[in-house]
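Me: I'm new to this structure and would like a close look at a single part of it. Pick a part, stay with the details, and then show me how it ties in with what surrounds it.

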Amino acid sequence: RVVPPGSWGGPYVLASAFSPDGHSLASVMEVRKTLHTFLALDQDKTQELIGHESSTDIIGRQEFWIGSLSFSPCGKYLASAANDCTVRIWDVQKNDIQCTKIIDVPVALRSLTFSPDSTFIAGGCANGIVQVWNIAVEDPDSVATNIATYSFDKSSIKLLTFLCDSKSIVTTSWSDFTVTLWPAIDAVPSGTDTRE
């Protein structure tokens, strides 16, 4: 069991993800109405990841949440998606873990996943939009490229995952509990929006 440093007093875990090797755990915890994102590298080493910012809701309240965490299958990167409309990529194999890439997204993501080859990230939104980015993680100076956008009749995306080919995506919906298989990424021209 890994406990974050400090005397937090009864945190609520809102999201978590294990690394592929099972040695690291990333968690988002609400502690006294403040969110903290921790990466527990082992039982003796825990680091808080700082980067996402709070945003203002429609009635002017400050709010902050991280909707999803996902480790890359190679185990080197952790992605986090928050309501500040960003996805942040963290290099978790460095001694001092830093955010290495920020992807701005038009709508906050509720779910997030890496492709099996760690080349792409797909994110699902509450409005039924799924976007896919080529993240080029090995080049920290490069900009992530949106390579596909899919729409699902404004049904909130609950979960999504890539198939083993790293090209096809399966999503589930909150509203009608359907499972959808989307076209392969290479069958969709770059930047194509499949919304009707």
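Reply: Three strands line up here as an open sheet, in the order β15-β16-β17, with antiparallel pairing. At the edges you'll find β15 (157-162) and β17 (179-181), each of which pairs on one side only. Neighbouring strands in this sheet are turned by 20° against each other on average, ignoring direction. Keep in mind that this is a predicted model.

Let's zoom in on one pair from this sheet. β15 and β16 (residues 169-173) are joined in the antiparallel sense by five bridges. If you want a spot to put your finger on, take I157, whose bridge partner in β16 is S173.

Now step back for a moment. The chain has 18 strands and zero helices, so strand pairing is a handy thing to follow here. In general, strands of a sheet pair through backbone hydrogen bonds, and they can do so in a parallel or an antiparallel way. Of the 196 residues in the chain, 46% are buried. The accessible surface comes to about 10300 Å², and carbon and sulfur atoms own 52% of it. As for how the chain meets itself, look at contacts between residues at least 6 apart in sequence: 42% of them join residues at least 24 apart.

Another open sheet is worth a visit. Four strands make it up, in the order β7-β8-β9-β10, and the pairing is antiparallel. Why do β7 and β10 (99-104) each have a side without a neighbour in the sheet? They stand at the edges, and each has a single partner strand, so one side is left open in that sense. Neighbouring strands in this four-stranded sheet are turned by 15° against each other on average, direction ignored.

Within that sheet, β7 and β8 run antiparallel and are joined by five bridges. S68 is a good guide to this pair: it sits in β7 (residues 66-71), and its bridge partner in β8 is A81. Is S68 buried or exposed? S68 counts as buried because its relative accessible area is 10%, and the cut-off is under 20%. Setting aside residues up to four places away in sequence, S68 touches A79, S80, A81, R110, S111 and L112. One of these gets a polar touch as well: the side chain of S68 reaches the backbone nitrogen of L112 at 3.2 Å.

After β7 comes a loop leading to β8, and S72 is found there. Despite being in a loop, S72 is buried, at 0% relative accessibility. Beyond residues up to four places away in sequence, S72 touches P20, Y77, F114 and S118.

That last contact, S118, takes us to another loop, the one between β11 and β12. These two strands form a hairpin with five residues between them, and S118 in the turn has a positive phi of about 65°. S118 isn't a glycine, yet its phi is positive. With a relative accessible area of 10%, S118 is buried. The strands on either side pair in the antiparallel sense over five bridges, and L109 has C125 as its bridge partner in β12. Five of the six residues of β11 are buried, so this strand is largely enclosed by the rest of the structure.

C85 makes a nice companion to S118. Its place is in the loop between β8 and β9, and it too is a residue other than glycine with a positive phi, near 60°. C85 counts as partly exposed, at 24% relative accessibility.

Finally, have a look inside. In soluble globular proteins, nonpolar side chains tend to be buried together. The largest nonpolar core here has 17 residues, and V87, I89, L109, I121, W133 and I135 are the ones touching the most other members. The elements giving two or more residues to this core are β8 (77-82), β9 (86-91), β11 (109-114), β12 (120-125) and β13 (129-134). I89 shows how this works up close: leaving aside neighbours within four places in sequence, its contacts include Y77, L78, A79, F114, I121 and V137. Q98, C99, T100 and K101 are also among the residues in contact with I89.

How values were computed
Residues are numbered from 1 along each chain as its sequence is written. This is a predicted model: local features need pLDDT of at least 70, side-chain atom pairs count only at pLDDT 80 or more; totals for chains, interfaces and linings use all residues. Side-chain values use heavy atoms; hydrogens and water are left out. Buried means under 20% relative accessible area, exposed over 50%, partly exposed in between (1.4 Å probe, protein chains only). Contact means heavy atoms within 4.5 Å. Accessible areas come from the Shrake-Rupley method with a 1.4 Å probe; for residues, only the protein chains shown count as cover. A nonpolar core is a set of buried Ala, Val, Leu, Ile, Met, Phe, Trp, Tyr and Cys residues joined through side-chain atoms within 4.5 Å. A polar contact is a pair of N or O atoms within 3.5 Å; within protein, one must be able to donate a hydrogen and the other to accept it, and residues adjacent in sequence count only if both atoms are side-chain atoms. Two strands pair if DSSP finds at least two bridges between them. Axes are lines fitted to C-alpha atoms, for helices over the stretch in contact, and angles run from 0 to 180 degrees between N-to-C directions.
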